[in-house]
Amino acid sequence: MSVIDDLTTELAKLPGIGRKTATRLTYHLLKQPAVAVARLARAIDAVAERVRPCSRCGNLSETDPCGICADPRRDHSVVCVVEEASDIGAIERSGEFRGVYHVLGGRLSPLDGVGPDDLRVDGLRERVANGGPVREVILATNPSMEGEVTATFVRGVLEASGVRVTRIALGLPVGGELEYADGVTIARALTARREMADG
Ligand SMILES: [Zn+2]
């Protein structure tokens with residue numbers, strides 16, 4: 001296999017990029033000056049080498065704990081639970097949330113083989129249980145079927161702790177992804193969060 005085929009194959013593995021787009025990207029890169037291509041390669045190298053999940057919240061960061069967990073100006077008594085680290089960026093852009101986060105690392109999805117053991121819930125239980133400062137957990141999983149099931153599951157995990165558990169309002173379009181929602185929509189969903197009902 002040629003190096004051109006090699007790069008095309010790697011690019012085609014990325015989400016939303018088929019073989020055709022991968023080929024186009026490869027030939028686009030081949031037309032660029034070598035320094036520009038080297039810069040892209042270095043940027044990819046750098047994230048692979050330096051970015052790790054925060055041991056406390058699971059956010060992707062160059063430092064551990066991450067900048068949010070280490071920030072004394074954040075409200076460490078409110079924890080916002082999200083599916084993926086990429087959701088944190090979307091919520092931060094809303095400018096509405098001053099608490100801290102917990103990344104589950106996915107959502108319950110039996111069809112994709114994702115079960116309770118695949119989510120980072122033990123860490124969340126510990127953060128809430130350790131007589132720590134947490135007084136509210138906001139469940140900000142996506143407004144999809146899997147997101148709802150995941151929120152209900154996490155609520156059950158936290159039940160014994162007695163901590164207040166709320167769910168963001170579903171002003172977000174059902175089936176929509178938090179990651180792609182605009183800041184105003186997310187701010188509204190956070191402000192209008194409600195107590196999570198029993199059961
Ligand atoms: Zn963190």
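Me: Buried means under 20% relative accessible area, exposed means over 50%, and partly exposed lies in between (1.4 Å probe, protein chains only). Which of these classes holds R107?

Reply: This is a predicted model, in which local features need pLDDT of at least 70, side-chain atom pairs count only at pLDDT 80 or more, and totals for chains, interfaces and linings use all residues. Residues are numbered from 1 along each chain as its sequence is written, while side-chain values use heavy atoms and leave out hydrogens and water. The relative accessibility of R107 is 22%, so this residue counts as partly exposed.

Me: Which residue forms a salt bridge with R107?

Reply: A salt bridge is a side-chain nitrogen of Lys or Arg within 4 Å of a carboxyl oxygen of Asp or Glu. For R107 the closest N and O atoms of the pair are 3.0 Å apart, and the partner is E83.

Me: How many residues apart in sequence are the parts that E83 and R107 tie together?

Reply: Helices (H or I, at least four residues) and strands (E, at least two) are DSSP runs, numbered from the N terminus. E83 is buried, with a relative accessible area of 2%. Because E83 lies in the loop between β3 and α4 (85-94) and R107 in the loop between β4 and α5, the parts tied together are separated in sequence by a number of residues that comes to 24.

Me: Which strands stand at the edges of the open sheet, and why is one side of each left without a neighbour?

Reply: Two strands pair if DSSP finds at least two bridges between them, and the open sheet of five strands, with mixed pairing, has the order β4-β3-β5-β6-β7. Each edge strand has a single partner strand, so one side of each is left without a neighbour in the sheet, and these strands are β4 (99-103) and β7 (194-195).

Me: What angle does the direction of helix α5 make with that of β4?

Reply: Strand β3 (residues 75-82) and β4 pair in the parallel sense over five bridges. Helix α5 (residues 121-129) packs on the sheet, touching β3, β4 and β5 (136-139), where contact means heavy atoms within 4.5 Å. Axes are lines fitted to C-alpha atoms, for helices over the stretch in contact, and angles run from 0 to 180 degrees between N-to-C directions. For α5 and β4 the angle is about 150 degrees.

Me: Which residue of helix α6 forms a salt bridge with R167?

Reply: R167 counts as buried, at 0% relative accessibility. The closest N and O atoms of its salt bridge with E148 are 2.8 Å apart. The pair links distant parts of the chain, 19 residues apart, with R167 in strand β6 and, in helix α6, E148.
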